[in-house]
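Colleague: I should like a close look at a single part of this structure, with its surroundings described afterwards in one connected account. Please begin with the residue that you consider a suitable point of entry.

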Amino acid sequence: MNINKKITGSCVLNLALDCNILYVIFTKTNIILKGSVIDFFVLETVVTVIQIISFFTLGFWLVIKSKDTKNPIAVCFLAMRIMCFALGSLYYELFYLLKKAPPYVSAADVAWIGSFYFIIASCYLLGIKSHKTPFYAYFFAGAIVVVMLIISLLYGHFILNLLWAIPMAVLAKCAGEGVYISKNEEYKRLLPFFISIIMSLFYELMMFLSLGMVYVIFDALWTVGIISTVLTLYKGVGD
Amino acid sequence: MYAENLFLCIIMPLIVAFPSVKSESRRFLGFLISGICVCLLSAYTNSFFMAVSGLSYDDTAVFITPVCEEILKLLPLLFYFLVFEPSPDSLFSSAVAVGVGFATFENCCYLLSSGAGNISFVLIRGLSAGVMHTICALAAGYGLIYISKVKQMAAIGALGILALTVTYHAVFNLLVSVEGITRYVGFALPLATALCWFAFIKKIKVS
């Protein structure tokens with residue numbers, strides 16, 4: 001099969017999987033079926049709590065299981081990434097609940113931005129550094145910079161958005177390179193991992209651009225995207 | 001309270017003892033002293049940023065203190081890690097020494113300003129903030145040991161580790177800054193983390 005078709009197929013599958021899991025979560029908890037008006041704050045809190053619990057659980061699981069993989073350090077870095085992110089979310093949620101207002105620039109931003117550095121390290125440890133950078137890797141990185149620039153122009157906070165944009169763009173470039181090297185037989189199993197990274201970056205950008213219920217939906221999709229990142233890496237470097 | 005006087009009082013015997021001990025003990029003592037120095041420095045930086053930003057004492061503790069303290073605590077370790085390329089054991093014991101030195105001096109300052117008559121206050125102080133600083137230093141040490149396996153990732157990894165420790169510190173400060181049950185949860189957090197940490201490390205070693 002052509003590599004482009006494979007990539008498109010993986011993207012569609014990833015999106016379908018994410019939407020499907022989200023649908024199951026919603027219907028199982030009767031949030032949609034009840035038909036009642038959902039309080040945004042409550043729903044956001046529920047999603048974040050699910051996110052925090054699942055991320056910490058996955059993180060510990062990954063560290064324990066990392067010894068069974070071909071690249072334990074890359075797996076541990078990914079575990080650190082999700083635990084760092086979960087810690088940031090925990091801080092944000094606690095602040096919101098205790099101080100009755102969301103924090104402006106806080107330790108949560110430090111954790112969320114810092115968590116990108118772990119996954120960038122993880123990508124480089126998988127061996128993508130020694131290969132050529134395809135044009136679409138630059139395109140992904142450029143697209144993120146442009147979107148973040150637009151967000152800065154619309155909402156301000158230029159420095160904060162710049163701090164977000166730098167690791168996101170680097171990660172997008174890494175993921176693009178990863179997709180490129182997945183043509184090789186050696187890296188073929190890592191293709192879903194790199195696609196998952198691109199999809200989660202896309203959800204993250206959409207979270208920046210959305211408000212209210214749409215934000216919650218993208219937050220939930222992003223959570224599932226990150227979980228699929230973890231599972232695909234584990235499968236990709238597993239024996 | 002004169003933190004500088006207290007600093008001199010604590011650090012003088014350590015400096016005198018420094019040349020008379022050898023190898024591992026000397027390194028531990030050196031990092032213990034650097035932990036104490038870093039604590040004093042962080043008090044200055046916190047006060048400076050509090051004055052510049054105009055934030056209240058509580059807000060400074062939640063927003064600024066974790067960043068300043070964790071950056072300053074990581075600096076001696078990072079220097080040691082990058083310049084001397086130590087073994088994992090040396091790096092780990094150095095991280096412990098920095099954390100313990102920092103926590104010791106901070107505890108001394110608090111006890112001097114708030115009094116040491118109440119045993120429950122002293123215990124809470126020692127088991128919460130004291131343990132928290134040690135936990136953060138331990139995490140930084142473990143993180144640097146991981147990074148040492150892939151030197152080219154040093155800068156990226158150090159940023160990630162810093163983010164982790166800053167956020168953990170900020171969560172602790174946030175919890176103890178609010179009155180009521182939350183404060184007790186905050187006090188229990190470092191000890192609970194330490195217990196989980198040791199159980200987890202044991203599990204990894206067994207598996």
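Modeller: The point of entry is E70(B), which is buried, with a relative accessible area of 3%. The model is a predicted one, and the values below are computed from it. The side chain of E70(B) meets that of K73(B) in a salt bridge, at 3.1 Å from N to O. K73(B) is likewise buried, its relative accessible area being 3%. Both residues belong to helix 4 of chain B, and because they are three residues apart there, about one helical turn separates them. K73(B) has a further partner: it lies over the face of F102(B), at 5.1 Å from the ring centre. K73(B) thus takes part in a salt bridge with E70(B) and also sits over an aromatic ring.

Helix 4 of chain B covers residues 65-84, and a loop links it to helix 5 (88-114). E85(B) is located in that loop. Its phi is positive, about 45°, although E85(B) is not a glycine. In contrast to the buried E70(B), E85(B) is exposed, with a relative accessible area of 56%.

A second residue of this kind is S23(B), which is not a glycine and yet has a positive phi of about 35°. S23(B) is found in helix 2 of chain B, a helix that comprises residues 23-53. S23(B) is exposed, at a relative accessible area of 58%.

Helix 2 of chain B also holds a salt bridge, which brings the account back to charged pairs. E24(B) is bonded in this way to R27(B), with 2.4 Å between the closest N and O atoms. The two residues are three positions apart in helix 2 of chain B, about one turn of the helix. Their accessibilities fall into separate classes: E24(B) counts as partly exposed at 44%, whereas R27(B) counts as buried at 18%.

Chain A offers a further example. K173(A) forms a salt bridge with E177(A), and the closest N and O atoms are 3.2 Å apart. Because K173(A) and E177(A) are four residues apart in helix 6 of chain A (residues 158-181), about one helical turn lies between them. K173(A) is partly exposed, with a relative accessible area of 23%, while E177(A) counts as buried at 4% relative accessibility. Over all chains, a search of the whole structure finds five salt bridges; among them are the pair E70(B) and K73(B) and the pair K173(A) and E177(A).

How many salt bridges does the rule find across the interface of chain A and chain B? The number is zero. Residue pairs in polar contact across that interface, with both residues at pLDDT 80 or more, also number zero. Carbon and sulfur atoms give 87% of the area buried between the two chains, which is about 2,700 Å². Chain A contributes 31 residues to the contact and chain B contributes 29 residues. On the side of chain A, the residues that lose the most area to chain B are L87(A), Y91(A) and L98(A), which together account for 19% of what that side buries. Helix 2 (40-65), helix 3 and helix 4 (107-125) of chain A each supply at least two residues of the side that touches chain B. Helix 3 of chain A gives the most to that side, with 13 residues.

Aromatic rings also bear on the relation between the chains. The structure holds 27 aromatic pairs over all chains. In one of these, the ring centres of F95(A) and F63(B) are 5.5 Å apart and the planes meet at 55°, so the pair is tilted. F95(A) lies in helix 3 (residues 72-99) of chain A and F63(B) in helix 3 (residues 57-63) of chain B, so the pair joins two chains. F95(A) is buried, with a relative accessible area of 7%, whereas F63(B) counts as partly exposed at 22%.

Within chain A, one aromatic cluster is formed by F55(A), F85(A), Y92(A), Y96(A), W112(A), F116(A), W164(A), F208(A) and W222(A). F116(A), a member of that cluster, has R81(A) over its face, at 5.0 Å from the ring centre. A charge over a ring is therefore found in chain A, at F116(A), and in chain B, where K73(B) lies over F102(B). With K73(B) the account returns to its beginning, the salt bridge with E70(B).

How values were computed:
Residues are numbered from 1 along each chain as its sequence is written. Chains are lettered from A and ligands numbered from 1 in the order in which they are written. This is a predicted model: local features need pLDDT of at least 70, side-chain atom pairs count only at pLDDT 80 or more; totals for chains, interfaces and linings use all residues. Side-chain values use heavy atoms; hydrogens and water are left out. Rings of Phe, Tyr and Trp (its six-membered ring) pair if their centres lie within 6.5 Å; planes under 30 degrees apart count as stacked, over 60 as edge-to-face and the rest as tilted. Buried means under 20% relative accessible area, exposed over 50%, partly exposed in between (1.4 Å probe, protein chains only). A charge sits over a ring if NZ of Lys or CZ of Arg is within 6 Å of the ring centre and within 35 degrees of the ring normal. Contact means heavy atoms within 4.5 Å. Buried area is the accessible area (1.4 Å probe) that two parts lose on being put together, summed over both. A salt bridge is a side-chain nitrogen of Lys or Arg within 4 Å of a carboxyl oxygen of Asp or Glu. A polar contact is a pair of N or O atoms within 3.5 Å; within protein, one must be able to donate a hydrogen and the other to accept it, and residues adjacent in sequence count only if both atoms are side-chain atoms.
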